[in-house]
Amino acid sequence: MLRLPLRTGLRWKLSAAIALVGALVAVALSLVVHNAARASMLDNSRDVQIERLNSTQRIYESTGQLLFSAKIDDPAIPAELRKEVLTNTRATYLQDNGEAAPEVWAASPLGGGRVLSMHGRYYDRFKVLDDLDQALVVGSTAVVVGGCALGVLVGGRLSQRLRKAAAAAGKLADGDTSVRIRDAVGGRIRDETDDLAWAVDAMNDALQQRIEAERRVTADIAHELRTPVTGLLTAAELLPPGRPSELVRDRAQVLRTLVEDVLEVARLDGYAERAELQDVALGEFVARRVRALNADVRVEIVRDAEVTTDPRRLERILGNLIANAARHGKPPIDVMVEGRIVRVRDHGKGFPEALLKEGPSRFRTGSSDRAGRGHGLGLTIAAGQARVLGARLTFRNADELGDGSTGAVAVLWLPENAPTATGSFPVIHLPER
């Protein structure tokens, strides 16, 4: 059974908690006050009834007259009260039948086994109890409403700070390392939110320092390897002709290409590259470059467009995408230009799931069978060069397009505006498909 998670804002959770606690406290206090007031009124009613009984008994013993509706040997007197009075003791009795004002009895012995008694209800006194109950209901409601308002106020402030922190963390996750979560959170009073922001900022700084250190190590290693690899390649050219010499030269050339690719990745990771912009007709440029790269690739110009971009970097992206399709896919390879969009498609097994979810990664090939062909740097370099151009490079499989075919599809989305001189790039809005 599928259960959808219920997402509730912090302000409403805090408001509900404060309101619930306020309601429980208000109900408890209301019950205590109500019971205390009722007990006090009942005791007062007993005292009043005893005083009236005493006055009636004195007048009866002096004049023989009964006042205040008093009776002698009243047949309606409760049995418990009669039994208590026959022990020569004045007593009172409450006969509560569920009404607001109970029946208050008072009785006294007269001698000879006779009992003087009187009873009545004090509605005026218990009307005060009804007014008290209404006041308690109004007060409890005010406490709950005030608690809700306080919860919304306090929770809203805390929720706003957390939303700002989450938004800043999202920008940080997208690669904007200049974001400081503590600055985004703001506020004068320091609380746990500020501690969390400081911790995330410190973690970001440590992570960036580690990434930068790793990038420098990679670049330094590749740079140091360039000279001996160049010497190895030169020495290989001096070997006598033959199959072993060809293998040595081939492996030396592969090693040199790998070193150059690692250096290029290091430069792209350092965000030090800048595009040298020119105005080019995209369709004509792609057709000419593709023919020079691979004559077997089919090119289709659906709609041409004039773009401002770096031709060298654009050619590098096309070359890497076509090389990846030729190495890991199956022919035919198709290149389609549709306005500012360039698609490169093969008819192989498609990209592996890890690449579709996480994007290209160095030293992870675009082949799902991990046959060991290539070093996984081609798509990484293509994505980095696209970033320098202010473009977006996306990857998908052809069967996701709904035409029933298979293969890998790489789509390059060139921006309408060229990269700025400061190295920042415009936001690219991908069309709905």
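## A guided look at a predicted chain

Leucine 81 sits in helix α2, and that makes a handy place to start a tour of this predicted model. Helix α2 is one of the elements of a chain that holds ten helices and eleven strands. Of the chain's 433 residues, 36% count as buried. Contacts that bridge long stretches of sequence matter for the picture too: among those between residues at least 6 apart in sequence, 63% join residues at least 24 apart.

**Around leucine 81**

- Is leucine 81 buried or exposed? Leucine 81 has a relative accessible area of 2%, and a residue counts as buried when that value is under 20%, so leucine 81 is buried.
- Leaving out residues up to four places away in sequence, leucine 81 touches Ala91, Thr92, Tyr93, Trp105 and Ala107.
- One of these partners also shows how the chain folds back: alanine 107 is 26 residues from leucine 81 in sequence, and their C-alpha atoms are 7.4 Å apart in space.

**Two helices side by side**

- General background first: two packed helices are described by the angle between their axes and the distance between the axes.
- Here, helix α8 (residues 311-328) packs with helix α10 (residues 377-388) at an angle of about 155 degrees, and the axes are 9 Å apart.
- An angle over 145 degrees counts as roughly antiparallel, which is why α8 and α10 get that description.
- The crossing of α8 with α10 is left-handed.
- Which residues meet in this contact? From α8 come Arg313, Arg316, Ile317, Asn320, Leu321 and Asn324, while α10 brings Gly378, Leu379, Ile381, Ala382, Gln385, Ala386 and Val388.
- Sorted by character, the residues in the contact of α8 with α10 are seven nonpolar, four polar and two charged.
- Glycine 319 is also part of helix α8, and its relative accessible area of 19% makes it buried.
- Across space, glycine 319 lies 7.8 Å from valine 290, C-alpha to C-alpha, although 29 residues separate the two in sequence.

**A pair of aromatic rings**

- How many aromatic pairs does a search of the whole structure find? The search turns up one.
- The partners are phenylalanine 351 and phenylalanine 395, with ring centres 5.4 Å apart and 80 degrees between the planes, in an edge-to-face arrangement.
- Phenylalanine 351 belongs to the loop between β9 (341-345) and α9 (353-358), and phenylalanine 395 to strand β10 (residues 392-397), so the pair ties together parts 44 residues apart in sequence.
- Both phenylalanine 351 and phenylalanine 395 are buried.

**Unusual spots in the backbone**

- As a general rule, most residues other than glycine have a negative phi, and most peptide bonds are trans.
- Where is the cis peptide bond at proline 332? This bond joins proline 331 and proline 332, and its omega is about 0 degrees.
- Proline 332 is in the loop between α8 and β8 (334-338).
- Aspartate 73 is not a glycine, yet has a positive phi of about 50 degrees.
- The loop between β1 (71-72) and α2 (79-85) is where aspartate 73 lies.
- With a relative accessible area of 33%, aspartate 73 is partly exposed.

**More residues to find on screen**

- Serine 140 belongs to helix α3 (residues 123-173) and is buried, at a relative accessible area of 17%.
- Not counting residues up to four places away in sequence, serine 140 touches Ala26 and Ser30.
- Valine 48 is part of helix α1 (residues 10-63).
- Leaving aside neighbours within four places in sequence, valine 48 is in contact with Tyr122 and Arg125.
- Between valine 48 and alanine 106 there are 9.6 Å in space, C-alpha to C-alpha, and the two are 58 residues apart in sequence.
- Arginine 190 has its place in the loop between α4 (181-185) and α5 (192-237).
- Is arginine 190 buried or exposed? Its relative accessibility is 58%, and the cut-off for exposed is over 50%, so arginine 190 counts as exposed.
- Setting aside neighbours within four places in sequence, arginine 190 is in contact with Asp195 and Trp198.

Key. Residues are numbered from 1 along each chain as its sequence is written. This is a predicted model: local features need pLDDT of at least 70, side-chain atom pairs count only at pLDDT 80 or more; totals for chains, interfaces and linings use all residues. Side-chain values use heavy atoms; hydrogens and water are left out. Rings of Phe, Tyr and Trp (its six-membered ring) pair if their centres lie within 6.5 Å; planes under 30 degrees apart count as stacked, over 60 as edge-to-face and the rest as tilted. Helices (H or I, at least four residues) and strands (E, at least two) are DSSP runs, numbered from the N terminus. Buried means under 20% relative accessible area, exposed over 50%, partly exposed in between (1.4 Å probe, protein chains only). Axes are lines fitted to C-alpha atoms, for helices over the stretch in contact, and angles run from 0 to 180 degrees between N-to-C directions. Angles under 35 degrees count as roughly parallel, over 145 as roughly antiparallel, 65 to 115 as roughly perpendicular and the rest as oblique. A crossing is left-handed if the near helix is turned anticlockwise from the far one by less than a right angle, and right-handed if clockwise. Contact means heavy atoms within 4.5 Å. Ala, Val, Leu, Ile, Met, Phe, Trp, Tyr, Cys and Pro count as nonpolar, Asp, Glu, Lys and Arg as charged, and the others, Gly among them, as polar.
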